[in-house]
Amino acid sequence: MRISKRLEALYEAVNPGESVADIGTDHGYVPILLLQNGISEKVILSDISTGSLAKAEENFRQMGIEIPETCFRIGDGLSSIEPGEVDALIIGGLGGRTIRQILADDPEKTATYRKLILQPRNNSGELRYYLYQQGYDIRREILAPEGKFVCEVIVAVKTTEEKRTPPYDAQDIRWKYPESMISCNPELLGQRIGWLSGRLLEQVESLRKSKDVPQERIRKLLEQRDYILELEKRNKKYHEEHYGEKTQCN
Ligand SMILES: C[S@@+](CC[C@H](N)C(=O)[O-])C[C@H]1O[C@@H](n2cnc3c(N)ncnc32)[C@H](O)[C@@H]1O
């Protein structure tokens, strides 16, 4: 069983004693870790694909871990679990819009689970926007490497029943790179910001070559770049102040 830092981050977001449903579990590695290390007594493994779930069952068999057959469930999103059946939901390795769809299918049911541990492969900004609208606050932002990618893990809890009007639109850079990322691992955040900063400059250069130079678009792209570079600076300062030379691994 090869556990990536991304899967480790999902596992570490669960507190001892919390029961968990891993939606879109596939290999079932996170539930295996939770049981092996005595973090959760109850885990539910759910997947829309019978083939994926069979993989998880086989991995449990190989690891010699026995749980009731009823803990392995087939279903789309949250359809396979009862309201409030577990403390926390893990939904990892899916696109941000698919995760949002799973949560939005039945928001009242989603609200019965105390904690959401989400790892969107893309469109994380749109997912944070949705969480904000629905009254969830983000408790932790974690960055974890996997191959050449840096993955985002979002830990959110519902703090208000009120629907909230987001302060900026869903595409705003501040959803994709929220202020709360100042506590993330500086090396990983720096890697992401370096990449994006380069992309933004490329776009600006290419726009400057156009016949009618779109000054307003260029101004917005440069504004985004300034924002992420400032976030990177604050992230480094935060780590120097809190950890000195050492960096915290998230
Ligand atoms: C890329 S795998 C991710 C596996 C694991 N969660 C991880 O983070 O490594 C995505 C899994 O989600 C399942 N899946 C996709 N859409 C789903 C949905 N709407 N409901 C439940 N499972 C879904 C797929 O069948 C697949 O097994």
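A polar contact is a pair of N or O atoms within 3.5 Å. With that cut-off in hand, the exercises below work through a predicted model, beginning at the ligand and moving on to the cysteines, the salt bridges and the backbone.

**Exercise 1. The ligand and its surroundings**

Task: Find which side chains and backbone atoms lie at polar-contact distance from the ligand, and describe the shell of residues that surrounds the ligand.

Solution. Begin with the shell as a whole, which holds 17 residues, the closest being Arg6, Gly24, Asp47, Asp76 and Gly77. Next, take the individual distances: an N or O atom in the side chain of arginine 6 lies 2.7 Å from an oxygen atom of the ligand, while an N or O atom in the side chain of aspartate 76 lies 2.8 Å from a nitrogen atom of the ligand. Glycine 77 takes part through its backbone, where a polar atom is 2.8 Å from a nitrogen atom of the ligand. Then consider how far the ligand is enclosed: on its own it has 600 Å² of accessible area, and the protein covers 79% of this. Two elements, α1 (5-12) and β4 (88-94), each give two or more residues to the shell, and β4 gives the most, with 3 residues. Finally, sort the shell by character, which yields 4 nonpolar, 9 polar and 4 charged residues.

**Exercise 2. The cysteines**

Task: Decide how many disulfides the structure contains, and explain why cysteine 151 is not bonded to the closest cysteine sulfur.

Solution. A search through the whole structure gives a count of 0 disulfides. For cysteine 151, the closest cysteine sulfur belongs to cysteine 184, and because the two sulfur atoms are 12 Å apart, they are too far from each other for a bond; the cut-off for a disulfide is 2.5 Å. As for surroundings, cysteine 151 is buried, since its relative accessible area is 5%, and cysteine 71 also counts as buried, at 12%.

**Exercise 3. Salt bridges around glutamate 152**

Task: Identify which lysine and which arginine form salt bridges with glutamate 152, and work out where in the chain these partners lie.

Solution. The starting point is a general one: side chains of opposite charge can pair when their charged atoms come close. In this model, the whole-structure search finds 23 salt bridges. One of them joins glutamate 152 to lysine 176, with 3.3 Å from N to O. Because glutamate 152 sits in strand β7 (residues 149-158) and lysine 176 in helix α7 (residues 173-176), this pair ties together parts 24 residues apart in sequence. A second salt bridge joins glutamate 152 to arginine 192, at 2.9 Å from N to O. Here the link runs from strand β7 to helix α8 (residues 186-208), which holds arginine 192, and the two residues are 40 residues apart.

The next step is to compare accessibility with the cut-off of under 20% for a buried residue. Glutamate 152 is therefore buried, at 4%, and arginine 192 is buried as well, at 11%, whereas lysine 176 is partly exposed, at 27%. To finish, place these residues in a wider setting: Arg128, Glu141, Glu152, Lys176 and Arg192 are linked in a network of salt bridges.

**Exercise 4. A salt bridge between two loops**

Task: Determine where arginine 114 and aspartate 87 lie, and whether arginine 114 is buried or exposed.

Solution. The side chains of these two residues meet in a salt bridge, 3.4 Å from N to O. Arginine 114 lies in the loop between α5 (107-110) and β5 (115-120), and aspartate 87 in the loop between β3 (72-74) and β4, so that the pair links distant parts of the chain, 27 residues apart. Arginine 114 is exposed, with 54% relative accessible area.

**Exercise 5. Unusual phi values**

Task: Locate aspartate 26 and asparagine 123, and state what sets their phi angles apart.

Solution. Most residues other than glycine have a negative phi. Aspartate 26, although not a glycine, has a positive phi of about 55 degrees, and asparagine 123 likewise has a positive value, near 50 degrees. Aspartate 26 is in the loop between β1 (20-23) and α2 (29-36) and is partly exposed, at 22%. Asparagine 123 is in the loop between β5 and α6 (124-133) and is partly exposed, at 27%.

Definitions and conventions. Residues numbered from 1 in each chain as written. Predicted model: local features only at pLDDT ≥ 70, side-chain atom pairs only at ≥ 80, totals over all residues. Heavy atoms only, no water. Buried < 20%, exposed > 50% of the residue type's maximum accessible area, 1.4 Å probe, protein only. Near = heavy atom within 4 Å. Polar contact = N/O pair within 3.5 Å; in protein donor to acceptor, adjacent residues only side chain to side chain. Areas by Shrake-Rupley, 256 points an atom, 1.4 Å probe, with all protein chains shown as cover. Helix = DSSP H or I, 4+ residues; strand = E, 2+ residues; numbered from the N terminus. Nonpolar A, V, L, I, M, F, W, Y, C, P; charged D, E, K, R; others polar. Salt bridge = Lys/Arg side-chain N within 4 Å of Asp/Glu carboxyl O.
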